[in-house]
Amino acid sequence: MTYIPNDLLLNREDQQIIMITGPNMSGKSAILRQTALIVLLACVGSFVPADQAHIGTIDRIFTRIGASDDLASGRSTFMVEMTETADILNNATRDSLVLMDEIGRGTSTYDGLALAWAVARELAGIGAYTLFATHYFELTTLPEEYPGIGNVHLDAVEHGEGIVFLHAVKDGPANQSYGLQVAALAGVPRKVIERARQRLRELEDNARRHAEREQLQMPLF
């Protein structure tokens, strides 16, 4: 496999937190992992696989990556996720590197979105260097409220009914998650994909009609 090199800039002047969006399998988690490994190698005095690297003081590396339960201890997947998140928020400092991969997946959509937003906001307050991978596109509006947060996405292009991952980091948020295309690549039966595509169109139409009604509604006062 050909490796696709990408630049990464985390600093206090431009962007202390980077929100990473893009389809599954596009390389979001790989960017998080390779960043942690490069920082760790640099901190122990090793050479790093980069043309140039300027890495400041990092006291600890915190990660919230992966989905697994701990049934032996009576903890669900979501409980494990929240326990790890709590550890990060209670212990991270301005000199920490924090990697957050998909916060809020194990609960309802609004609960998960609200938690992910609040976690990102808290990390901005702490001042930790943070890479935050998410499928919640609502979080890509955070840079409008907090200048220290930036958006990047992993690029992909549609090819027929499929998808081609470019594994290249580009500025700005992604415009969609390509979930159905990835499900098709995984071997989900075609009839299931078609039903999902039809349902997706219905949901998008309903959301659009609701937004139009909200705009047309007369104010009460």
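Is aspartate 205 buried, exposed or partly exposed? In this predicted model, aspartate 205 has a relative accessible area of 29% and is therefore classed as partly exposed, since the intermediate class lies between the limits of 20% and 50%. The side chain of aspartate 205 is engaged in a salt bridge with arginine 208, for which the closest N and O atoms are 2.2 Å apart. Because the two residues are three positions apart in helix α6, about one helical turn separates arginine 208 from aspartate 205. Arginine 208, with a relative accessibility of 46%, likewise counts as partly exposed.

Salt bridges that share partners join Arg64, Glu81 and Glu84 into one network. Within this network, the side chains of glutamate 84 and arginine 64 meet at an N to O distance of 2.5 Å, and the pair links distant parts of the chain, with glutamate 84 placed in helix α2 and arginine 64 in strand β2 (residues 61–64), 20 residues apart. The two partners are assigned to separate accessibility classes: arginine 64 counts as buried at 3% relative accessibility, whereas glutamate 84 counts as partly exposed at 29%.

A further salt bridge in helix α6 (residues 190–216) is formed by arginine 199 and glutamate 202, with their closest N and O atoms 3.0 Å apart. Here too the spacing is three residues, so that about one helical turn lies between arginine 199 and glutamate 202. Both residues fall in the partly exposed class, arginine 199 at 44% relative accessibility and glutamate 202 at 33%. In total, seven salt bridges are counted in the model.

Turning to the nonpolar interior, the largest core comprises 23 residues, and those with the most contacts inside it are Val98, Met100, Leu123, Phe132 and Leu139. At least two residues of this core are supplied by each of β1 (17–21), α2 (77–91), β3 (97–101) and α3 (109–126), and α3 gives the most, with seven residues. When residues up to four places away in sequence are not counted, leucine 139 touches Met19, Leu113, Ala116, Trp117, Phe132 and Thr134. Apart from this core lies another, of 14 residues, among them Ile18, Ala36, Leu97 and Leu154.

The largest pocket has a volume of about 1,100 Å³. Its lining is made up of 36 residues, of which Asp7, Leu8, Leu9, Leu10 and His54 lie nearest the centre of the pocket. Each of β1, α1 (28–43), β5 (149–159) and β6 (162–171) supplies at least two residues of this lining, with α1 giving the most, namely five residues. When the lining of the largest pocket is divided by class, 20 residues are nonpolar, ten are polar and six are charged.

The second largest pocket holds about 510 Å³ of space. It is lined by 16 residues, and those closest to its centre are His135, Ser177, Gly179, Leu200 and Glu204. Helices α3, α5 (179–185) and α6 each supply at least two residues of the lining of the second largest pocket. By class, this lining has six nonpolar, seven polar and three charged residues. Helix α3 thus recurs in two of the settings described, as the element that gives the most to the largest nonpolar core and as one of the contributors to the lining of the second largest pocket.

Technical notes
Residues numbered from 1 in each chain as written. Predicted model: local features only at pLDDT ≥ 70, side-chain atom pairs only at ≥ 80, totals over all residues. Heavy atoms only, no water. Core = buried A, V, L, I, M, F, W, Y, C linked by side-chain atoms within 4.5 Å. Buried < 20%, exposed > 50% of the residue type's maximum accessible area, 1.4 Å probe, protein only. Helix = DSSP H or I, 4+ residues; strand = E, 2+ residues; numbered from the N terminus. Contact = heavy atoms within 4.5 Å. Salt bridge = Lys/Arg side-chain N within 4 Å of Asp/Glu carboxyl O. 1 Å grid on protein atoms, 1.4 Å probe; cavity = no way out; pocket = protein on both sides within 12 Å on 5 of 7 lines; lining within 4 Å. Points joined across faces, edges and corners; volume = space filled by probe spheres on them. Nonpolar A, V, L, I, M, F, W, Y, C, P; charged D, E, K, R; others polar.
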